[in-house]
Amino acid sequence: MEGYINGIGIISPQKTFDTPDFLSEVVEHNSKALYSIEPSYKEFLNPNLARRMARIIKMSIAASTICFRDAKVEMPDAIMTGTALGCLEDTEKFLWAIIHDDEQFLTPTSFIQSTHNTVSAQIALQLKCMNYNFTYVHKGFSFESAVLDALMTLAEGEAKNILIGGHDEMTDKYYRVCDRIGYFKQETVPTMELINRKTNGSIGGEGAAFFVLSKDKSETSYAKLRGIKTIYKPENNQEIENKINELLASNGLTAKDIDVVVYGNNGDARFDKTYTHLQDNLLKDSTSTYFKHLCGEYQTAGSFGMWVAAKIIKTQTIPSAILIGDNKSKSIKNVLIYNTFLDVDHSVYLLSQC
Amino acid sequence: MDALIDQLKGEIIEQLNLEDLKKEDINSDAPLFGEGLGLDSIDALELIVLLEKNHGIKVANPADGKKIFQSVRTMAEYIQANKK
């Protein structure tokens, strides 16, 4: 199973949507939760439609539009997205109205926009796309499930160009709830210091990242996505290493062939041990990089990691802002992404130069 | 009546997220749907809720909607005529 990443559109807490630059400048948020840098939506949406849309819907439509332009694709054969929380802002509005108004005066807009598949549906409506449309809602495996579906659909020959995306938004209420259950750090952490903080919790994040995954290579190709594996609650590091080796072996590779690893280190002392183990053992010969200090922690952050990996391959550069230790790579052919959400949902992706 | 029309314009802008509009941009006699503000059927539902929530007036007969929601002025007239 493989597919070519032929286009990317990403809106994140970094400057990622209107520049070819690859993280040469990092936006320092100095905050406990990172919010996306958003474009002017007038370029992407009719204001009459945009007025009803919550931030995550607008971010996703803009990101998918940028992605289609990048890939030079007008109509996908399928749309597959992953989101853990869906359109949270409108869900909160709707639930708040139910409680506040004693189940009276419920307005239709926030209800219509609050479902998890609103983003996929709105993208399809904008395009008038009647093709396969699916939204995966599997917490830390949401985006990964969309990727897996896309790879299988390409392998079956049922599509040539598929839009895949991961999107989740941070809201003030969600931040407060997660803060109370210990997801986030109690102190504000400067972006570049996150990885060195040995305290519990991470920083909150959000983003909308879309990719055109295609059967064929094109002039716009970034990288070839060669496979993905998910591991639910691995019992020990050996199980993780076995899964990575399985993925590599099925592509005729070993750990020594991996030039760069993109890790999901999030500065949480409880969970970063998995990444440290891989950095010191199975993948010790590869260059180590990380990304969650730039986008924050959220369930579909793997999509930001895939953007980082694809850009590393296409540009053959590793920005200093994401480097852990020394850059050991001269040319970059194979990149692995290893990510976990709360040490429960683990995933590994393999990308190669095409 | 003018005060009610002014208040209603503010409520419509807020309820329908008409972010780019100010009260003075809305002509009190212009059609709300189709031309004029260009509202649609979802907005109609929002306006029904607005009447009930903010003014305590329930539109009992949906067929009356067309007349009530013709313009901001007709909405204000309906509120004034039906306010308890």
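## Briefing: a two-chain predicted model

Eight bridges link β4(A) and β5(A), and the two strands run antiparallel. That pairing is a good place to start in this predicted model, which has a chain A with 11 helices and 11 strands and a chain B with four helices and zero strands. The points below begin with the sheet around β5(A), then move outward to the helices, the domains, the chains as wholes and the contact between chains.

**Strand β5(A) and its neighbours**

- Within the β4(A)–β5(A) pair, A:Gly165 faces A:Phe210 of β5(A).
- β5(A) also pairs with β1(A), again antiparallel, through seven bridges.
- In that second pairing, A:Gly7 sits opposite A:Val212 of β5(A).
- How many of the residues of β5(A) are buried? Eight of its eight residues are, and the strand is mostly covered.
- In a regular strand, side chains alternate between the two faces of the sheet.
- Here A:Gly207, A:Ala209, A:Phe211 and A:Leu213 point one way from β5(A), while A:Ala208, A:Phe210, A:Val212 and A:Ser214 point the other way. Residues on both sides of β5(A) are buried.

**The wider sheet**

- The strands of chain A form an open sheet of 11 strands with mixed pairing, in the order β3-β2-β4-β5-β1-β6-β11-β10-β7-β8-β9.
- Its edges are β3 (132-136) and β9 (323-324) of chain A, each of which pairs on one side only.
- Further along the sheet, β6 (residues 223-232) and β11 (residues 345-352) of chain A are antiparallel partners joined over eight bridges.
- A:Tyr232 stands across from A:Asp345 of β11(A).

**Helices against the sheet**

- Helix α8 (residues 237-249) of chain A packs on the sheet and touches β6 and β11 of chain A. The direction of α8 makes about 150 degrees with that of β6(A).
- Helix α2 (residues 55-71) of chain A lies across β1, β4 and β5 of chain A, and it runs at about 140 degrees to β1(A).

**A closer look at A:Leu248**

- This residue belongs to helix α8 of chain A.
- Why does A:Leu248 count as buried? Because 22 other C-beta atoms lie within 10 Å of A:Leu248, and the cut-off for burial is 20 or more.
- Leaving aside residues up to four places away in sequence, A:Leu248 touches A:Leu253, A:Thr254, A:Ala255 and A:Leu350.
- A:Leu248 and A:Leu323 are separated by 75 residues in sequence and by 23 Å in space, C-alpha to C-alpha.

**Two domains in chain A**

- Chain A splits into domain 1 (3-214) and domain 2 (223-352), and the C-alpha centres of these two domains of chain A are 21 Å apart.
- Which numbers of residues meet across the boundary? Domain 1 of chain A brings 49 residues into contact with 40 residues of domain 2 of chain A.
- On the side of domain 1 of chain A that touches domain 2 of chain A, β1 (3-11), α6 (142-155), β4 (161-168) and β5 (207-214) of chain A each supply at least two residues.
- α6(A) gives the largest share of that side, six residues.
- By class, that side of domain 1 of chain A has 24 nonpolar, 19 polar and six charged residues.

**Overall dimensions of chain A**

- With 354 residues, chain A has a radius of gyration of 19 Å, close to the 20 Å of the globule rule, so chain A is as compact as a globular protein of that length.
- The C-alpha trace of chain A spans about 60 × 45 × 35 Å along its principal axes.
- Buried residues account for 52% of the 354 residues of chain A.
- Of the contacts in chain A with a separation of 6 or more, 79% are between residues 24 or more positions apart.

**Chain B**

- The elements of chain B run α-α-α-α from the N terminus on.
- A compact globule of 84 residues would have a radius of gyration near 12 Å, and the 12 Å of chain B agrees.
- Along the principal axes, the C-alpha atoms of chain B fill a box of roughly 30 × 25 × 20 Å.
- In chain B, 24% of the 84 residues are buried.
- Among contacts in chain B between residues at least 6 apart in sequence, 56% join residues at least 24 apart.

**Where the chains meet**

- The contact involves eight residues from chain A and 12 residues from chain B.
- On the side of chain A that touches chain B, α1 (47-50) and α4 (108-112) of chain A are the elements giving two or more residues.
- The residues on that side of chain A comprise three nonpolar, three polar and two charged.

Key
Residues are numbered from 1 along each chain as its sequence is written. Chains are lettered from A and ligands numbered from 1 in the order in which they are written. This is a predicted model: local features need pLDDT of at least 70, side-chain atom pairs count only at pLDDT 80 or more; totals for chains, interfaces and linings use all residues. Two residues are in contact if their C-beta atoms, placed from the backbone, lie within 7 Å. Ala, Val, Leu, Ile, Met, Phe, Trp, Tyr, Cys and Pro count as nonpolar, Asp, Glu, Lys and Arg as charged, and the others, Gly among them, as polar. Domain bounds come from an automatic or database domain assignment. The radius of gyration is taken over C-alpha atoms; the globule rule is 2.2 Å times the number of residues to the power 0.38. A residue is buried if 20 or more other C-beta atoms lie within 10 Å of its own, exposed if 12 or fewer, and partly exposed in between; C-beta atoms are placed from the backbone. Two strands pair if DSSP finds at least two bridges between them. Axes are lines fitted to C-alpha atoms, for helices over the stretch in contact, and angles run from 0 to 180 degrees between N-to-C directions.
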